[in-house]
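Q: I'm new to this one, so please show it to me. I'd like to ask how its features earn their names.

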Amino acid sequence: MSTRIAIIGAGWYGCHLANLLSKLSFDIKLFEKSDSVFNGSSGTNQNRLHQGYHYPRSHRTRIQSRDGYIRFIERYPTLSKKIENNVYVIPRYYSSLDFQTYKIIMASAGLEFTDVTQSIDYLNGIEGALRCEERLILTDKAKQYFTDKLQHCLVLNKEVSLTDIRCGEIDGETFDYFIDCTWGRLSDFKRELFFEKTIQLNYRVRPGASFSSALTFVDGDLFSLFPTENDGMYTLTHVSHTPVSVFSNPDEFDHEVSEEIVTQCRSSMERDMQRHFAQFPEYFEYQGYDISMKTKVRDDSDDRSCYIERDGNVIKVLSGKIDTIFYASEKVLSILTEQETAEL
Ligand SMILES: Cc1cc2nc3c(=O)[nH]c(=O)nc-3n(C[C@H](O)[C@H](O)[C@H](O)COP(=O)(O)OP(=O)(O)OC[C@H]3O[C@@H](n4cnc5c(N)ncnc54)[C@H](O)[C@@H]3O)c2cc1C
């Protein structure tokens with residue numbers, strides 16, 4: 001009889017694992033508390049398929065992203081698209097790294113780039129800029145893809161509790177393993193977690209204006225302007241103004257935010273953007289905002305990599321970025337096959 005596995009949470013991690021493990025003949029059920037897949041952070045985020053350029057301070061994150069990027073394109077060739085002009089900018093005075101150090105870190109991780117400092121004439125106060133390859137994750141397509149592929153095992157509108165897991169069964173069905181893919185909402189982790197309510201602002205390129213770059217300012221308390229799946233639409237996020245509140249219990253999260261906070265975030269983000277891109281308001285008009293939740297490890301590092309913890313028959317997945325789904329599936333598979341080998 002094949003190993004019976006309950007996966008909890010149908011975001012990128014739960015869907016990817018359910019898809020892979022089903023193909024490997026594990027007997028999978030994927031439980032999701034809401035009424036569709038990708039209703040958590042996987043449905044509302046900036047959708048950058050990272051290669052590692054955003055993480056000069058975390059070697060582990062850079063390496064997981066660099067490797068995950070290639071595997072994502074191979075495994076899900078239709079679920080991302082190239083960004084034509086993806087630029088990372090080191091501003092003068094506001095970055096914790098100088099441009100030369102940034103380039104050395106990226107080059108030593110094997111990441112390729114072109115120095116475009118001389119050709120970025122519309123930005124002010126910058127020390128350097130490089131163009132590199134990264135992609136946009138196509139969330140609407142991914143949502144449809146997994147909804148179709150996982151019909152055989154997806155159970156929607158089912159909130160799994162810790163009691164279910166402790167009893168070893170969900171709605172009377174027993175399982176050999178439980179894989180928690182709720183991004184820290186269900187089980188405790190050895191690492192101390194906290195949760196952020198996040199806001200990302202939406203902008204449209206003004207009619208008649210022409211803009212087709214992604215701009216990411218690094219490193220430190222800075223911001224990113226990134227394209228979306230919808231032509232001419234961009235999201236703006238900021239390291240210190242995107243988190244609008246912080247809590248230690250994920251149940252405190254809701255999508256509410258006061259107009260006062262939205263106005264404050266918007267004015268701070270636009271002010272910082274205009275410090276380097278003075279014509280931003282001439283190119284972009286504000287369209288609204290989206291709220292989501294981010295899970296982070298409480299430490300001083302900039303580590304956004306993926307971690308897997310095991311507690312008996314419970315495998316807990318602490319996602320990093322979307323590209324790190326492959327690190328997760330490799331670790332989960334090694335736990336499952338280790339156990340099978342031990343039982344022979
Ligand atoms: C503002 C923002 C910007 C980001 N930008 C990027 C980016 O550009 N690139 C990138 O790679 N990453 C980005 N991320 C991170 C990315 O969104 C996450 O790494 C990823 O979506 C996590 O996927 P997940 O499957 O672990 O969690 P989720 O997508 O949150 O899925 C968890 C699922 O579990 C379900 N669930 C929870 N509790 C239960 C329960 N008890 N029973 C059943 N179901 C349950 C939830 O409903 C949810 O559907 C960003 C995140 C935020 C917030």
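A: Let's start with helix 4, which gives the most to the lining of the second largest pocket: three residues. This is a predicted model, with residues numbered from 1 along each chain as its sequence is written. Local features need pLDDT of at least 70 and side-chain atom pairs count only at pLDDT 80 or more, while totals for chains, interfaces and linings use all residues, and side-chain values use heavy atoms, leaving out hydrogens and water.

Q: What makes helix 4 a helix, and which elements supply at least two residues each of that lining?
A: Helices (H or I, at least four residues) and strands (E, at least two) are DSSP runs numbered from the N terminus. Helix 4 runs over 139-149, so it fits that rule. Strand 13 (193-205) and strand 16 (233-238) also supply at least two each.

Q: What makes a residue part of the pocket's lining?
A: On a 1 Å grid over the protein atoms alone, a pocket is an open set of points where a 1.4 Å probe fits, with protein on both sides within 12 Å along at least five of seven lines; a lining residue has an atom within 4 Å of a point. The second largest pocket holds about 350 Å³ of space, counted as the space filled by probe spheres set on the points, which are joined across faces, edges and corners. It has 19 lining residues, and Gly43, Asn47, Thr228, Asn230 and Asp290 are the closest to its centre.

Q: How do you know which residues surround the ligand?
A: A residue counts as near if one of its heavy atoms lies within 4 Å of the ligand. That gives 35 residues, with Glu32, Ser42, Ser319, Gly320 and Ile322 the closest. Strand 18 provides the largest share of this shell, three residues.

Q: Why is the pairing of glutamate 32 with the ligand called a polar contact?
A: A polar side-chain atom of glutamate 32 lies 2.7 Å from an oxygen atom of the ligand. A polar contact is a pair of N or O atoms within 3.5 Å, so this pair qualifies. Lysine 33 joins in through a backbone N or O atom, 3.1 Å from a ligand nitrogen, and a polar backbone atom of serine 41 is 3.1 Å from a ligand oxygen.

Q: What makes aspartate 219 and serine 25 stand out?
A: Most residues other than glycine have a negative phi, and most peptide bonds are trans. The bond joining valine 218 and aspartate 219 is cis, with omega about 5°, and aspartate 219 sits in the loop between strand 14 and strand 15. Serine 25, not a glycine, has a positive phi of about 70°; its place is the loop between helix 1 and strand 2.

How values were computed: A polar contact is a pair of N or O atoms within 3.5 Å; within protein, one must be able to donate a hydrogen and the other to accept it, and residues adjacent in sequence count only if both atoms are side-chain atoms.
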